[in-house]
Amino acid sequence: MGADDSSIRWFKSYLNNRNQRTVVGNAMSSSHSVNIGVPQGSVLGPLFFLIYINDLAQGLQNSKAALFADDTAIYCSATSAADLQLHLNEDLKIVRKWMETNKLTLNVSKTNLMVIGGKQRL
């Protein structure tokens with residue numbers, strides 16, 4: 001990504017040695033160490049996530065991806081509905097493997113397919 005050693009050390013210090021606790025009403029949990037993820041609600045969280053998922057698009061064979069914070073759009077075109085289905089399914093298998101490798105899950109309730117300009121039904 002082009003970050004120098006000093007920047008890497010700063011990012012590492014920002015992410016290491018973090019603790020969190022939960023407050024509900026007047027009750028507070030004990031503090032627990034957090035060794036994964038980024039601080040929720042932080043200004044740098046979306047940037048760190050984009051860095052984390054930046055290589056997702058590189059693995060796609062038939063599609064292009066647009067990444068914005070935690071939203072990803074995958075674009076694919078084909079000359080027939082059958083080819084479109086084949087190409088998308090191939091790339092979705094790649095996305096599934098990438099997500100498993102990177103310990104991420106897909107929010108199926110926020111996932112949609114849009115077909116634009118098609119004359120045939122999928």
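Which residues form one aromatic cluster? In this predicted model, the members are Trp 10, Phe 11, Tyr 14 and Phe 48. A search of the whole structure turns up four aromatic pairs. One of them joins Trp 10 and Tyr 14, whose ring centres sit 5.7 Å apart with the planes at 10°. Planes under 30 degrees apart count as stacked, so this pair goes in the stacked bin. Both residues belong to helix α1, and because they are four residues apart there, about one helical turn separates them.

Tyr 14 also pairs up with Phe 48, this time in a tilted arrangement, with 5.6 Å from centre to centre and 35° between the planes. Here the contact links distant parts of the chain: Tyr 14 is in helix α1 and Phe 48 in helix α2 (residues 45-53), 34 residues apart.

How buried or exposed are these rings' residues? Trp 10 comes out as partly exposed, at 45% relative accessibility, and Tyr 14 is also partly exposed, at 26%. Phe 48, on the other hand, has 10% relative accessibility and therefore counts as buried, the cut-off for that class being under 20%.

Then there is the surface. Met 1, Leu 47 and Ile 51 make up a nonpolar patch there, and together they offer about 320 Å² of accessible area. Met 1 lies in the segment before α1 (5-15). With a relative accessible area of 73%, Met 1 is classed as exposed, since that class starts over 50%.

Conventions:
Residues numbered from 1 in each chain as written. Predicted model: local features only at pLDDT ≥ 70, side-chain atom pairs only at ≥ 80, totals over all residues. Heavy atoms only, no water. Patch = residues over 30% accessible without salt bridge, like charges linked within 9 Å, V, L, I, M, F, W, Y side chains within 5 Å. Areas by Shrake-Rupley, 256 points an atom, 1.4 Å probe, with all protein chains shown as cover. Salt bridge = Lys/Arg side-chain N within 4 Å of Asp/Glu carboxyl O. Helix = DSSP H or I, 4+ residues; strand = E, 2+ residues; numbered from the N terminus. Buried < 20%, exposed > 50% of the residue type's maximum accessible area, 1.4 Å probe, protein only. Phe/Tyr/Trp six-rings, centres within 6.5 Å; stacked < 30°, edge-to-face > 60°.
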